[in-house]
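This report describes selected features of one protein model. It turns from a pair of helices to two individual residues and then to the chain as a whole.

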Amino acid sequence: MKFICLNVHDDVSKGLQREYFVYFVPRCTVVCEKILEEENAYNLMTIGEYPLYIVPLDEDVLSFELDLAYKFSFGVIPNVRSKGKASVRVADILNRMQAEEPVNSPDMVVPEINTLILLDREVDMVTPMLSQLTYEGLLDECLHVNNGSVELDASIMGLQQEGKKIKVPLNSSDKLFKEIQDLNFEVVVQILRQKATSMKQDYTEVTTTTQSVSELKDFVKKLNSLPEMTKHINLAQHLSTFTSKPASLGQPDMEHTIVEAQSYDICFEYIEELIHKQEPLVNVLRLLILFSITSSWLPKKQFDYLRGELLHSYGFEHMATLNNLEKAGLLRKQESKSNWLTIKRALQLVVEDTDTANPNDIAYVFSGYAPLSIRLVQHAVRSGWRPIEEILKLLPGPHSETKRGRFSSSPSYDPLQASANIDKVADGRRSLVLVVFIGGITFAEISALRFLSAQACQICCIYGICSSKLQTFEISEGHYQP
């Protein structure tokens with residue numbers, strides 16, 4: 001503020017007459033106004049605000065970085081379901097805001113968003129530790145998707161610009177990406193191969209046979225998609241260099257073995273072998289955290305052994321990393337019997353014989369494992385959380401289900417409680433569910449939510465994208481707060 005005032009006064013001293021506009025993002029604070037007044041510059045400028053609270057990353061993905069953004073955008077949402085400490089606190093804030101500034105007009109129509117689902121990331125720390133297998137998820141695993149794009153060498157995209165980095169946008173404006181982003185990577189490779197083969201056959205027909213004008217027009221239309229296809233073939237080829245590595249080939253299978261929690265010794269020996277081979281530390285830590293959570297933490301003897309082996313293999317400078325993992329509650333010595341098997345069975349998290357090409361369950365995103373977080377959303381949408389209340393008690397943090405506004409006096413009002421009302425609300429529109437993740441979400445979970453949205457009510461999500469690699473780095477640096 002003082003720097004701005006200095007420039008304004010400098011212009012005034014030189015006799016320059018200018019109009020000054022200062023815009024604050026997302027809002028102006030009292031402190032800033034006070035400084036402008038103290039510097040005698042407040043009356044010389046026009047003050048404005050740009051309420052940039054929610055940034056759309058895609059058609060159904062919103063980046064929600066600032067507090068209370070939904071207050072300004074969505075109004076009163078009648079049904080609120082929350083799970084986790086932070087989520088319940090947000091729900092309490094919403095209820096307090098509604099009590100202080102009630103919106104109970106009898107003329108108020110049924111809101112477009114009828115259910116808000118709030119989930120803490122700590123409720124499901126298993127899913128972020130798994131390797132993502134969808135196309136967009138794998139792009140994030142290998143190249144790190146940032147604000148809807150990836151940055152990589154121009155040569156990977158077939159450009160003759162050695163050493164130059166380029167940003168490749170990834171969103172629904174790319175029709176081909178919209179078609180394949182939520183599919184298993186193996187299926188994506190098959191689709192790209194089929195499209196390339198089809199285009200090659202069409203080109204052969206055009207060059208060897210006489211075509212009518214309409215046939216030529218259709219061929220030209222197909223050529224319009226060539227840049228998109230070339231882009232994703234280059235990206236898929238680059239991803240294949242990661243997925244074809246021996247360590248990458250075996251890791252998803254071992255992750256499923258750990259999630260099934262049936263072969264403790266095999267899992268322990270596999271992690272021990274990775275440590276001795278000095279595989280990338282982040283990969284080892286993700287497996288160790290996954291093993292620790294599903295096994296209800298590690299017995300003291302084995303915990304101390306693996307801790308010692310990690311420090312010997314990767315250096316004692318990583319002692320802080322392990323301490324931070326313990327503080328975050330992700331790596332602990334065994335304290336009690338694990339609830340994981342009960343949770344896994346009750347929510348049917350492991351689905352056998354999953355067809356990734358023609359999926360019928362959200363488990364396709366991890367080739368047989370249904371993300372715990374999205375299974376909770378699925379239950380909330382279909383029948384509410386009352387039927388699984390005992391399971392919710394086994395997960396971290398409290399949970400709540402409340403009704404707000406004029407709907408709180410109508411216990412029967414809940415368009416998502418009855419299966420007959422799932423698809424449409426009173427005026428014929430599809431029900432809209434707003435899912436808010438507090439603490440980040442993976443792209444594989446977004447794909448699972450889109451799968452649910454295609455089956456039942458429309459789902460819109462607000463969250464920060466959660467990269468397991470980035471999160472593990474933050475923990476190792478001590479920036480992560482449990």
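In this predicted model, helix α11, spanning residues 264–277, packs against helix α13, spanning residues 300–314. The two axes lie 9 Å apart and enclose an angle of about 20°. Because angles under 35 degrees count as roughly parallel, α11 and α13 are roughly parallel to each other. The crossing of α11 past α13 is left-handed. On the α11 side, the contact is made by Y264, F268, E272, L274, I275 and H276. The residues contributed by α13 are Q302, Y305, L306, E309, L310, S313 and Y314. By character, the residues of this contact comprise eight nonpolar, three polar and two charged.

A second site of interest is N79, which belongs to strand β5 (residues 79–83). Its relative accessibility is 2%. Buried residues are those under 20% relative accessible area, and N79 therefore counts as buried. Which partners does the side chain of N79 reach through polar contacts? One is the side chain of K403, joined to that of N79 by a polar contact of 3.2 Å. Another is the backbone oxygen of N114, which the N79 side chain reaches at 2.9 Å. The C-alpha atom of N79 is also 6.1 Å from that of L116, although these two residues are 37 residues apart along the chain.

L395 offers a further example of a buried position. This residue is located in the loop that connects α17 (389–394) and β9 (399–403). With a relative accessible area of 6%, L395 falls under the 20% limit and is therefore buried. Neighbours within four places in sequence aside, L395 is in contact with K83, V123, I343, L372 and L376. For K83, the C-alpha separation from L395 is 8.9 Å, across 312 residues of chain.

The C-alpha separations given above are collected here.

| Residue pair | Separation along the chain | C-alpha distance |
|---|---|---|
| N79 and L116 | 37 residues | 6.1 Å |
| L395 and K83 | 312 residues | 8.9 Å |

Finally, the protein as a whole may be considered. It contains 19 helices and 11 strands. Of its 482 residues, 47% are buried, and N79 and L395 are among the buried residues. Of the contacts in the protein with a separation of 6 or more, 72% are between residues 24 or more positions apart.

Note on methods:
Residues numbered from 1 in each chain as written. Predicted model: local features only at pLDDT ≥ 70, side-chain atom pairs only at ≥ 80, totals over all residues. Heavy atoms only, no water. Helix = DSSP H or I, 4+ residues; strand = E, 2+ residues; numbered from the N terminus. Buried < 20%, exposed > 50% of the residue type's maximum accessible area, 1.4 Å probe, protein only. Polar contact = N/O pair within 3.5 Å; in protein donor to acceptor, adjacent residues only side chain to side chain. Axes fitted to C-alpha atoms, helices over the stretch in contact; angles between N-to-C directions. Parallel < 35°, antiparallel > 145°, perpendicular 65-115°, else oblique. Left-handed = near helix turned anticlockwise from the far one by under 90°. Contact = heavy atoms within 4.5 Å. Nonpolar A, V, L, I, M, F, W, Y, C, P; charged D, E, K, R; others polar.
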